[in-house]
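Work through these short exercises with the sequence and the 3D view side by side. Try each task before reading its solution.

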Amino acid sequence: MAMSSILNADDIKKALDAFAVAGSFDHKKFFEIMGLRAKSFDEVKKVFLVLDADNSGFIEEEELKFVLKGFSKDGRDLTDKETKEFLRAADKDGDGKIGVDEFAALVKE
């Protein structure tokens, strides 16, 4: 499933452009710009399933590094620091990965 079937393509581009520079990623602003915060749980879950590249039911740190590419092939890789900060913000149970409920809660922050 393509992200553009869930989110507006222009909003995705705006969000990716806003964080094109390495070290600039802010998940709260990213989700807000692309309109994900206003989406229903089911729509957020669809986004989660696209980002869960290995279909494990979790977004692990290695998948998180490529999260922007999940929204568009033109997205950049997150830096190690951005990846770790993103994981730390979302991983509420401390298991080192992000479940769908943790992801949904992060999106709505």
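**Exercise 1. Place Ile-6 and decide: buried or exposed?**

Solution. Start with position. Ile-6 sits in the segment before helix H1 (9-18). Helices (H or I, at least four residues) and strands (E, at least two) are DSSP runs, numbered from the N terminus. This is a predicted model: local features need pLDDT of at least 70, side-chain atom pairs count only at pLDDT 80 or more, and totals for chains, interfaces and linings use all residues. Residues are numbered from 1 along each chain as its sequence is written, and side-chain values use heavy atoms, with hydrogens and water left out.

Next, apply the cut-offs. Buried means under 20% relative accessible area, exposed over 50%, partly exposed in between (1.4 Å probe, protein chains only). Ile-6 has a relative accessible area of 9%, so Ile-6 is buried.

Last, take a distance. From Ile-6 to Gly-96 there are 90 residues in sequence and 27 Å in space, C-alpha to C-alpha.

**Exercise 2. Which spans does the "domain: EF-hand" annotation cover, and how much helix do they hold?**

Solution. Read the record first. The unreviewed UniProt entry gives residues 39-74 and 78-109. UniProt positions are in the numbering used here, feature names are shortened, and annotations may be inferred rather than shown by experiment.

Then take each span. Residues 39-74 are 58% helix and 8% strand, with end C-alpha atoms 23 Å apart. Residues 78-109 are 62% helix and 9% strand, and their end C-alpha atoms lie 20 Å apart.

**Exercise 3. Which residues of H3 are buried, and where do they point?**

Solution. List them: Val-44, Val-47, Phe-48 and Leu-51. They cover an arc of only 105 degrees around the axis, so they lie on the same side of H3. The arc is that of the directions from the helix axis to the C-beta atoms.

Now find their partners. These buried residues pack against E1, helix H4 (61-65), helix H5 (67-71), strand E2 (97-99) and helix H7 (100-108).

Turn to H7. Its buried residues are Glu-102, Phe-103, Ala-104, Leu-106 and Val-107. Their cover includes helix H2 (27-33), H3, E1, helix H6 (80-90) and E2.

**Exercise 4. Examine Asp-52 and Asn-55 in the loop after H3.**

Solution. Asp-52 lies between helix H3 (41-51) and strand E1 (58-60). Leave aside neighbours within four places in sequence. Asp-52 then contacts (heavy atoms within 4.5 Å) Gly-57, Phe-58, Ile-59 and Glu-63.

Check its charge. Asp-52 is buried yet has no salt bridge. A salt bridge needs a side-chain nitrogen of Lys or Arg within 4 Å of a carboxyl oxygen of Asp or Glu. Lys and Arg count as positive and Asp and Glu as negative; His and the chain ends are not counted. The nearest side chain of opposite charge, Lys-97, is 10.0 Å away.

Asn-55 is in the loop between H3 and E1 too. Asn-55 is exposed, at 63% relative accessible area. Its phi is positive, about 55 degrees, although it is not a glycine. Most residues other than glycine have a negative phi.

**Exercise 5. How many aromatic pairs are there, and how are two of them arranged?**

Solution. The whole structure has nine. Rings of Phe, Tyr and Trp (its six-membered ring) pair if their centres lie within 6.5 Å; planes under 30 degrees apart count as stacked, over 60 as edge-to-face and the rest as tilted.

Phe-19 and Phe-25 are edge-to-face, 5.8 Å centre to centre with 70 degrees between the planes. Phe-25 and Phe-30 are tilted, at 5.3 Å and 55 degrees.

Finish with the cluster. Ring pairs link Phe-19, Phe-25, Phe-30, Phe-31, Phe-48, Phe-71, Phe-86 and Phe-103.
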